[in-house]
Amino acid sequence: MSPNRDRWWKSADPKWARRFTVSARPSALQLFKAAGAAILAWFVCSLIFPGTLPLFAAIAALIVVQESVDQSLTKGLERVVGVLLGVSVALGAGAVFGPRSWLFVAAILVAMGVGWLLRMSSTSTNQIAITALLMIALGGSEFGYGVERLVETAIGAALGVAINAIVVAPVRTTTHAEIVDLALNASHALDRLADALAAPRDEAWLENMLVEARKLQNERSTVHASLRSARESLRLNPRGRRHRQQLLEDDALFQRLQPIVTQVIGMSRALYDLYDSDLVTDPSVVGMVEEIRRASHDLELLVHVAEDTEAAPAEPALTAPYTIPRPHPQHWVLIGSLMEDLRRVRGRITGELE
């Protein structure tokens, strides 16, 4: 590579590559399983239908090996239905229009129309059109040829589902660590709230506090998606039994964390909007700082107890609700808002608000 091209490559924005890449490489085992399923389907269908190229079987096996057994079954059914309709469209178009040079145009239009009428997904509709085109391109205009391709597809799909389920069926097991990280980050956000009330802070510090708290929203969405993927990976999975109890516990813990994250973000926003350096001298705020730190401690304790059920139970620091005898005439809105959110956080941690 020339120096000029090298400099251009290093300075180019890599965002274009994100359109067709993923943040993490897929499992190499899944790739080998897909390749093995396609090769096995090819040889099996070559024995059943000698003298033909079992393209439909290999394609079906490749498509069907997905990140979970449930997804594999869904893709398998989708592929078989798509081929069934695609074969029907090709045979019907051939019977109506005969061997015309523009037959593929009619097949595409009919295939897209069938998918639209049946309210099928865009992927399924495209599979109907692709199957019809392959049928026409391979010269298959006879009913028996179409039936063979349908059977071939079903064999490839079945082999793909079986191999994905039998050979180390994929299981997503990173959810628990993600939930623990979410809880610890929420705990750190509470500590930053206490720090903001313990000593005067400038605008830059408060803005950073709010930015860090808002990151919890995206992190919560990521954990929610991970839980959904974990449930999907265990559905119809032969290896799922040993992981289902952990997933139920993780889901219960996440349901307790979700409203806590909402309250922490709201507290950070309220403090950022209504902050005053005189807050740190208010007697009510001085006591609130300690209660917020106790809430942070108990939130960490919540996930540590969930991680180690054999450990001796530790006493929560937030032993009783904090009360304010007289509201501050200037800061009472902020103080009252923080106290109500703190009450809800405490209730979720202790389970009183479940």
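1. Leu271 has a relative accessibility of 0% and therefore counts as buried, the limit being under 20%. The model in which this residue is placed is a predicted one. Leu271 belongs to helix H10. Setting aside neighbours within four places in sequence, its contacts are Leu193, Ala196, Leu197, Met209, Leu279 and Leu334. One of these partners, Ala196, is 75 residues away in sequence, yet the two C-alpha atoms are 8.4 Å apart in space.

2. The surroundings of Leu271 are best read as part of the largest nonpolar core, which has 47 residues. Leu271, Leu197 and Ile292 are the members that touch the most others in this core. Five elements give two or more residues to the core: helix H8 (175–198), helix H9 (203–234), helix H10 (241–274), helix H11 (283–307) and helix H12 (332–350). H10 supplies the largest share, eleven residues.

3. Leu197 deserves separate mention. Not counting residues up to four places away in sequence, Leu197 touches Leu271, Leu279, Val280, Val285, Met288, Val289, Ile292 and Leu338. Both Leu271 and Ile292 are thus on the contact list of Leu197. Another core lies apart from the largest one; it has 13 residues, including Leu85, Val89, Ala132 and Met135.

4. How do H9 and H10 pack? In general, two packed helices are described by the angle between their axes and the distance between the axes. For H9 and H10, the axes come within 10 Å and cross at roughly 160 degrees. Because an angle over 145 degrees counts as roughly antiparallel, H9 and H10 are assigned to that class. Their crossing is left-handed. The residues of this contact comprise 16 nonpolar, six polar and nine charged.

5. H10 also packs against H12, with axes that come within 9 Å and cross at roughly 165 degrees. That angle makes H10 roughly antiparallel to H12. Here, too, H10 passes its partner H12 in a left-handed crossing. On the H10 side the contact is made by Arg256, Pro259, Ile260, Gln263, Gly266, Met267, Ala270, Leu271 and Leu274. On the H12 side the residues are Val333, Leu334, Ser337, Leu338, Asp341, Leu342, Arg344, Val345, Arg348, Ile349 and Thr350. By class, the residues of the contact divide into twelve nonpolar, four polar and four charged. Leu271 is one of the H10 residues here, and Leu334 is among its individual contacts.

6. Helix H3 (residues 55–64) should be considered next. Its buried residues include Phe56, Ala57, Ala58, Ala60, Ala61 and Val64. Which helices do the buried residues of H3 pack against? They pack against helix H2 (28–48), helix H4 (69–97), helix H6 (122–137) and helix H7 (143–166).

7. Some values for the chain as a whole complete the note. The chain has twelve helices and zero strands, and from the N terminus on its elements run α-α-α-α-α-α-α-α-α-α-α-α. Of its 354 residues, 39% count as buried. Among contacts between residues at least 6 apart in sequence, 78% join residues at least 24 apart. The pair Leu271 and Ala196, 75 residues apart in sequence, is in contact.

Technical notes. Residues numbered from 1 in each chain as written. Predicted model: local features only at pLDDT ≥ 70, side-chain atom pairs only at ≥ 80, totals over all residues. Heavy atoms only, no water. Core = buried A, V, L, I, M, F, W, Y, C linked by side-chain atoms within 4.5 Å. Buried < 20%, exposed > 50% of the residue type's maximum accessible area, 1.4 Å probe, protein only. Helix = DSSP H or I, 4+ residues; strand = E, 2+ residues; numbered from the N terminus. Contact = heavy atoms within 4.5 Å. Axes fitted to C-alpha atoms, helices over the stretch in contact; angles between N-to-C directions. Parallel < 35°, antiparallel > 145°, perpendicular 65-115°, else oblique. Left-handed = near helix turned anticlockwise from the far one by under 90°. Nonpolar A, V, L, I, M, F, W, Y, C, P; charged D, E, K, R; others polar.
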